[in-house]
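Please open the structure in your viewer and choose a cartoon display. This tour proposes a series of selections and states what is to be found at each one.

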Amino acid sequence: MYLVTGATGSLGRRVVRVLRDRSQPVRGFVRLTSNYGELEERGAEVFIGDLRRDRDIEKATQGVRYVISTHGANARSTNPDEIDYRANIDLIDSAKAAGVEHFVFISVLGADRGYQDSPVFKAKREVEKYLEKSGLNYTILRPSGFASDLIPFAEKFRQTGIYLTLSDLKNRSSTVSTEDLAQIAVTATTLEAAKNKIFPVGGPEILTRDEIPRIFGRIFNREPIIINPPLFLFDSIRTTLGFVNPELQKALGTLRVLLADEFYCTTEEIDTLETTFDIKLERLEDYLRRNLGF
Ligand SMILES: NC(=O)c1ccc[n+]([C@@H]2O[C@H](COP(=O)([O-])OP(=O)(O)OC[C@H]3O[C@@H](n4cnc5c(N)ncnc54)[C@H](OP(=O)(O)O)[C@@H]3O)[C@@H](O)[C@H]2O)c1
């Protein structure tokens with residue numbers, strides 16, 4: 001039995017699809033308020049609980065052989081200390097007690113860079129260290145940004161021709177196909193070469209941020225209008241917000257890191273990934289065309 005946390009999220013639901021396509025038994029950890037209809041339709045077992053409760057985590061891990069942890073703080077669950085950190089520590093402890101054979105943890109590219117301003121990056125690194133010392137067999141995947149997250153931006157662009165970003169347009173990224181990441185996460189559970197290893201995971205190309213609107217422009221056949229306010233505007237707003245809502249100011253630290261820095265994999269890292277997992281990673285433009293039907 002596989003346990004997938006965050007099974008209703010962008011990545012988690014794709015992990016469940018891969019597992020069910022491979023006819024594997026899956027238990028998806030979901031909240032009562034989540035939209036989990038697809039999991040049931042695909043024949044996954046639905047475990048209803050809340051990752052903030054360690055008793056729920058303990059119950060969910062019973063009879064489980066593999067854990068794939070894909071959950072994360074989001075708009076409906078905003079506290080990274082509870083969700084990205086504590087829930088994963090509890091999950092690792094429960095997995096160990098339940099005799100789980102392999103634990104896959106979805107971290108983030110750059111988790112090891114020591115970003116003090118980001119609660120999520122800090123939580124991810126602490127969980128990585130805890131998992132490495134846990135005695136469990138593990139694979140840590142550090143993905144760059146997900147290609148599926150760009151689909152709403154592409155849809156907006158299709159209507160308006162506008163692409164708005166606060167990032168430096170020359171910053172590089174290697175956006176990864178969310179489906180490829182799901183395949184890698186599932187394969188990692190039983191692959192000897194992935195045991196007790198950390199892999200940066202990105203798409204096959206290194207793209208500067210201004211290439212994204214150009215890709216949109218090619219797909220929809222219209223000239224992009226790029227709006228690129230300077231990052232100090234974001235910083236000013238964040239500082240002002242801090243006077244009324246210090247928690248929000250802290251939470252925005254993760255977005256600040258994502259806007260200000262580069263998140264890409266080297267050619268060697270991509271070669272290692274493709275060879276180890278026997279996968280041909282999809283280019284961003286191909287991913288978007290396939291998902292947008294163009
Ligand atoms: N998106 C990216 O570009 C990116 C890049 C690098 C790393 N990552 C990491 O990759 C992982 C997957 O990201 P994603 O974009 O797929 O995340 P997502 O779409 O935001 O999904 C988060 C999932 O966690 C669940 N969750 C949150 N709080 C919960 C709670 N208290 N109890 C039970 N479930 C809870 C959510 O359930 P609900 O449906 O109920 O809200 C949802 O299924 C995350 O760990 C993220 O940090 C993401």
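Two strands are said to pair if DSSP finds at least two bridges between them. Please keep in mind throughout that the model on the screen is predicted.

**First stop: the sheet**

Select the strands. Seven of them form an open sheet, and the pairing is parallel. Read across the sheet, their order is E3-E2-E1-E4-E5-E6-E9. Which strands lie at the edges? They are strand E3, residues 45–48, and strand E9, residues 197–201, each of which pairs on one side only. If you look along the sheet, you may notice the turn between neighbouring strands, which is 20° on average when direction is ignored.

Now select residues 138–143, which are strand E6, together with E9. These two strands pair in the parallel sense over 5 bridges. Show the side chains of Leu 141 and Phe 199: Leu 141 stands opposite Phe 199, a residue of E9.

**Second stop: helices on the sheet**

Add residues 80–97, which form helix H4. Helix H4 packs on the sheet and touches three strands: E1 (2–5), E4 (66–69) and E5 (102–106). The direction of H4 makes about 175° with that of E4.

Next, add helix H5, residues 119–133. This helix also packs on the sheet, where H5 touches E5 and E6. Between the directions of H5 and E5 the angle is about 165°.

**Third stop: an annotated region**

Colour residues 6–188. An unreviewed UniProt entry annotates this range as "domain: NAD(P)-binding". Within residues 6–188 the chain is 43% helix and 16% strand. The C-alpha atoms at the two ends of the range are 18 Å apart.

**Fourth stop: pairs of helices**

Two packed helices are described by the angle between their axes and the distance between the axes. Three pairs may be viewed in turn.

Begin with helix H1, residues 10–21, and helix H7, residues 178–188. Their axes come within 8 Å and cross at roughly 60°, so H1 is oblique to H7. The crossing of H1 and H7 is right-handed. On the H1 side, show Ser 10, Leu 11, Arg 14, Val 15, Val 18 and Leu 19; they meet Thr 178, Glu 179, Leu 181, Ala 182, Gln 183, Ala 185 and Val 186 in H7. The contact of H1 with H7 has 8 nonpolar, 3 polar and 2 charged residues.

Move to helix H6, residues 151–160, and helix H8, residues 211–220. Here the axes are 10 Å apart and the packing angle is about 60°, which means that H6 is oblique to H8. This crossing of H6 and H8 is right-handed. Which residues of H6 and H8 meet? Ala 154, Phe 157 and Arg 158 of H6 meet Pro 213, Phe 216 and Phe 220 of H8. By class, the contact of H6 with H8 contains 5 nonpolar residues, no polar ones and 1 charged one.

Finish with helix H9, residues 231–244, and helix H10, residues 246–260. The two axes come within 8 Å and cross at roughly 165°; H9 is therefore roughly antiparallel to H10. The crossing of H9 and H10 is left-handed. Among the residues making the contact are Phe 234, Arg 238 and Leu 241 of H9, and Leu 248, Leu 252 and Arg 256 of H10. Sorted by class, the contact of H9 with H10 holds 8 nonpolar, 2 polar and 2 charged residues.

Notes: Residues are numbered from 1 along each chain as its sequence is written. This is a predicted model: local features need pLDDT of at least 70, side-chain atom pairs count only at pLDDT 80 or more; totals for chains, interfaces and linings use all residues. Helices (H or I, at least four residues) and strands (E, at least two) are DSSP runs, numbered from the N terminus. Axes are lines fitted to C-alpha atoms, for helices over the stretch in contact, and angles run from 0 to 180 degrees between N-to-C directions. Two residues are in contact if their C-beta atoms, placed from the backbone, lie within 7 Å. Angles under 35 degrees count as roughly parallel, over 145 as roughly antiparallel, 65 to 115 as roughly perpendicular and the rest as oblique. A crossing is left-handed if the near helix is turned anticlockwise from the far one by less than a right angle, and right-handed if clockwise. Ala, Val, Leu, Ile, Met, Phe, Trp, Tyr, Cys and Pro count as nonpolar, Asp, Glu, Lys and Arg as charged, and the others, Gly among them, as polar. UniProt positions are given in the numbering used here, feature names are shortened, and annotations may be inferred rather than shown by experiment.
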